[in-house]
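Dear colleague,

Please find below the structure that I am handing over to you. My notes on what was found in it follow directly after it.

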Amino acid sequence: MKTTKILTVLTAVLLILGLAACGMTKDGKKKEGSKNADVISLLAVNPETKDEASDLHQKLMACETKILSENNSLWEKVFLSADKGMAMIEDGGNYGDFLLKTIEGAKDSFSADELKLLKDGAEQIREIEGKLTVLEQKFPGCGKKPSESDMSVPAENGKPKENSDLMKFPAFEGKDLDGNEVKSSTLFAGNTVTVVNFWFTTCSPCVGEIPELEALNKKLSEKGGAVVGINSFTLDGDKTAISEAKDILTKKGASYKNIWFESKSEAGKFTSGLYSYPTTYVVDKNGNIVGEPIVGAITGKKQADMLNKLIDQAVANS
């Protein structure tokens, strides 16, 4: 499959409390002897209120991010060797199990010590994910709409070009996931504003924001706008990836258009240049990218506020 090569390190703008909870000091340095102890202590906490549950949820997510942020080169090798057809199970699945399966499939690429590091990390994530599930079931909504964390999954290459408000979105001729022809010229010209969301199937924060994108699409339709998704695994019309993307979109109740184009096209090269997933662009009626890309799920307050401002600007441009 011709896809963007996905790195594995989950980057986040973490709260100081979250960093401290995972053996990090205020300046970001690791505290000695605290690699596993902090996770173990957090897993033993049983909050009694929703606020306490939200605080614990945030700290656990910070721990998960830290685990995946260590040994970057090893985690990169894991994901580059992953079977892109193996989508994360959304209905009751555990991301730790997904990571363990991926590591097992790539075990011949690592030494015994490296394999132990990766498996230990994945097993900790499995325990964290289990605790997160319990918290979300006992305190519904405790893990939604984080106000500070900027969850995303990095991809390779550099950042998108600066001064993106002066850029045209790369022209393309592609298809939607049902096989209908789509051209950038008619797509953008037909909307007062188009919110373009880049995601991929096994990206947890990408999949998690789909319901919000669906709600946004309905809201934008009243202004003559729309949301358009681009799943990086579906580039070049990969049938398996398209089927899996459609399955996830259906499960999440999404009706907004998702499209693909050739990876060798200018739009394909643009996609491969993204450094983080999910990433969202706002495009006006003339095909101009408005403002800077929004990095991280739009469920975050910072991202949501920025998105709304850019949407208003794009509508005004139209």
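Lys59 and Asp55 both belong to helix α3 (residues 50-69), where four residues, about one turn of the helix, separate them. Their side chains meet in a salt bridge with an N to O distance of 3.2 Å. Asp55 has a relative accessible area of 28% and is therefore partly exposed. Please bear in mind throughout that this is a predicted model.

The count of salt bridges comes to 10. Two others of these pairs deserve a description of their own.

The side chains of Asp178 and Lys246 form a salt bridge at 2.9 Å, N to O. This pair links distant parts of the chain: Asp178 sits in the loop between β2 (173-176) and β3 (181-183), while Lys246 is in helix α10 (residues 239-251), 68 residues apart. Is each partner buried or exposed? Asp178 has a relative accessibility of 59%, above the cut-off of 50%, so it counts as exposed. Lys246, with a relative accessible area of 32%, is partly exposed.

A salt bridge also joins the side chains of Lys223 and Asp312, at 3.8 Å from N to O. Here again distant parts of the chain are linked, since Lys223 lies in the loop between α9 and β5 (226-231) and Asp312 in helix α12, 89 residues apart. Lys223 counts as partly exposed at 37% relative accessibility, and Asp312 is partly exposed as well, with a relative accessible area of 45%.

In addition, salt bridges link Glu104, Lys107 and Lys119 in a network.

Helix α12, which holds Asp312, merits a closer look. The helix covers residues 301-317, and its 17 residues should span 24 Å at 1.5 Å a residue; the C-alpha atoms at its ends are 24 Å apart, so the model agrees with the expected span. Which residues of α12 are buried? They are Gln303, Leu307, Leu310, Ile311 and Ala314. These residues cover an arc of only 110° around the axis, and therefore lie on the same side of α12. The face turned away from that buried side carries the exposed residues Lys301, Lys302, Lys309 and Ala316. As for what covers the buried residues of α12, the elements include β4 (193-199), α9 (210-221), β8 (279-284) and β9 (294-295).

Strands β4 and β8 appear again among the aromatic residues, to which I now turn. A search of the whole structure finds 10 aromatic pairs. One of them is formed by Phe198 and Phe270, a tilted pair with 6.1 Å centre to centre and 45° between the planes. The pair connects distant parts of the chain, with Phe198 in strand β4 and Phe270 in helix α11 (residues 266-272), 72 residues apart. Phe198 counts as buried because its relative accessibility is 0%. Phe270 is buried too, with a relative accessible area of 14%, which is under the cut-off of 20%.

Phe198 also pairs with Tyr281, and this pair is edge-to-face: 6.1 Å centre to centre, with 80° between the planes. Phe198 in strand β4 and Tyr281 in strand β8 are 83 residues apart, so this pair, too, links distant parts of the chain. Tyr281 is buried, with a relative accessible area of 1%. Which residues form the aromatic cluster? Phe169, Phe172, Phe188, Phe198, Phe261, Phe270 and Tyr281 form one cluster.

Finally, some totals for the chain as a whole. The chain has 12 helices and nine strands. Of its 318 residues, 50% are buried. Among the contacts with a separation of 6 or more, 77% are between residues 24 or more positions apart. The chain exposes about 15,000 Å², and carbon and sulfur atoms supply 50% of that area.

Yours sincerely

Methods: Residues are numbered from 1 along each chain as its sequence is written. This is a predicted model: local features need pLDDT of at least 70, side-chain atom pairs count only at pLDDT 80 or more; totals for chains, interfaces and linings use all residues. Side-chain values use heavy atoms; hydrogens and water are left out. Helices (H or I, at least four residues) and strands (E, at least two) are DSSP runs, numbered from the N terminus. Buried means under 20% relative accessible area, exposed over 50%, partly exposed in between (1.4 Å probe, protein chains only). Contact means heavy atoms within 4.5 Å. Accessible areas come from the Shrake-Rupley method with a 1.4 Å probe; for residues, only the protein chains shown count as cover. The expected span of a helix is 1.5 Å times one less than its number of residues. The arc is that of the directions from the helix axis to the C-beta atoms. Rings of Phe, Tyr and Trp (its six-membered ring) pair if their centres lie within 6.5 Å; planes under 30 degrees apart count as stacked, over 60 as edge-to-face and the rest as tilted. A salt bridge is a side-chain nitrogen of Lys or Arg within 4 Å of a carboxyl oxygen of Asp or Glu.
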